[in-house]
Structure formats: structure tokens, C-alpha cells
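The exercises below ask you to read a protein model strand by strand and residue by residue. Try each task before you turn to its solution.

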Amino acid sequence: LVPSPIPTLERTRLTPIVAKEKEPGRWFYDFGHEVVGHTRIAVQGEAGHVMTVWHGEELDGPETVRHKMRANCDYEDRITLSGRNYTVECDASRAFRDIEIIDAPNPPELWVDARHYPLDDAKVALDSSDPQLNAIWKICVEGIRWGCQSVMTDCPTREKGQYTGDTY
């Protein structure tokens, strides 16, 4: 056995840049860019209370998350509370930008345990006088950062791991 030459994934606690109560019990969160990770929600409610959590990369309308993804994933969770104050962990790593919580009994605290490839930003720098080229470069860098999840995927939304055919 030899040590892996590939660094392990970085794990970071990310909080949304927008957290807004749209109406009583309905919350919208925007992280400002694509993230990959596990969502955590600290909330307390009566035992048996059900709230819905939508993750998405697009919006269906103003501050309304499109949870039926174009990659044929449906990022909708229904969470039944126990009556205790605890942190809900969404069961799968997901790729998304926005989250919407419906029927939250109290204001939830929300964050994502994000994971991504540890890029050295100084080594992936581009300085151009063309703003469009700079924007394209940034999308490419972020695609590598968030698309590499232990293995390189072309879409962390649909692919949760590498296919055998990809490795072959």
C-alpha cells in the first residue's frame, strides 16, 4: 500500500447568502453558487409534524425551488419531526444552489456540510481584460472544484459516483 497522491476532499460548513421567510413556515435559501454536500437543518416541532424540503439548481418562479431536476432526480424530502430539538440530516449528498423549506414549525437554522476538491486558487488563476472570458474561466474552475467528488463526475447532481465504464 502507498499513500494516495490525490488530496482528500475538503469539507466546509457553508451557510446561505440569502435566508428569507416567504410566508409563515415557508423559507427560501440561496447559496449564491452550486454546492455539493449534505444539508443540515436544526429545527424543533411537535412530534409527527411533517415539513417538506426542496433542493434545486433552478427556480420555478421567484424564490420557488425547482426540485424536479433536469437530470431526472427529484430532490424533495418529507421530514417527520420527533418533538425534540435536533438536527435533521438530509440522507444523500446533493448538488444544488437553492433550498426551500415548507411547513417549518419554527425558524430553522440551515447549513450544508459541503465537500469539494481542494484546489489551490493561486494555481488556477486567470487575469484577462475580457470579463466574459473571466466568467467562463470561473465556471470551469468551479466545475472542477464541485464536480470532483472522490472521482471526477460530469454531473454531481445525477452521478453520485464513478461508473465502471468511466474507469475502464
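**Exercise 1. Which residue takes a positive phi in the hairpin of β2 and β3?**

Before solving, note that this is a predicted model, in which local features need pLDDT of at least 70 and side-chain atom pairs count only at pLDDT 80 or more, while totals for chains, interfaces and linings use all residues. Residues are numbered from 1 along each chain as its sequence is written, and side-chain values use heavy atoms, with hydrogens and water left out.

Step 1. Locate the strands, which, like helices, are DSSP runs numbered from the N terminus (E, at least two residues, for strands; H or I, at least four, for helices). Strand β2 covers residues 18-23, and strand β3 covers residues 26-43.

Step 2. Check the pairing, for which DSSP must find at least two bridges between two strands. β2 and β3 are antiparallel, with 5 bridges, and A19 has Y29 of β3 as its bridge partner.

Step 3. Examine the turn: 2 residues lie between the strands of this hairpin, and G25 is the residue with a positive phi, near 80°.

**Exercise 2. Place β3 within the fold and list its further partners.**

Step 1. Begin with the overall composition, which is 2 helices and 12 strands, arranged along the sequence as β-β-β-β-β-β-β-β-β-β-α-β-β-α.

Step 2. Collect the other pairings of β3. With strand β9 (residues 94-102) β3 runs antiparallel over 7 bridges, and V36 stands opposite A95 there. With strand β10 (residues 109-116) the pairing is antiparallel over 6 bridges, and I41 has L110 as its bridge partner. With strand β8 (residues 86-89) the pairing is again antiparallel, over 4 bridges, and V43 faces Y86.

Step 3. Assess burial, where buried means under 20% relative accessible area, exposed over 50%, and partly exposed in between (1.4 Å probe, protein chains only). Of the 18 residues of β3, 15 are buried, so the strand is largely enclosed by the rest of the structure. For the protein, buried residues make up 38% of the 168 residues.

**Exercise 3. Describe the surroundings of T39.**

Step 1. T39 belongs to strand β3 and is buried, with a relative accessible area of 1%.

Step 2. List the contacts, meaning heavy atoms within 4.5 Å. Leaving aside residues up to four places away in sequence, T39 touches H55, V88, E89, C90, F96, I99, L110, W111 and V112.

Step 3. Look for a polar contact, a pair of N or O atoms within 3.5 Å in which, within protein, one must be able to donate a hydrogen and the other to accept it, and for which residues adjacent in sequence count only if both atoms are side-chain atoms. The side chains of T39 and H55 are joined by one of 2.7 Å.

**Exercise 4. Find residues other than glycine that have a positive phi, and state where they lie.**

Step 1. Recall the background: most residues other than glycine have a negative phi.

Step 2. E63, which is not a glycine, has a positive phi of about 55°. E63 sits in the loop between β5 (58-61) and β6 (64-66) and is partly exposed, at 23% relative accessible area.

Step 3. D103 has a phi near 70°, also a positive value in a residue other than glycine. D103 lies in the loop between β9 and β10 and is partly exposed, with a relative accessible area of 45%.
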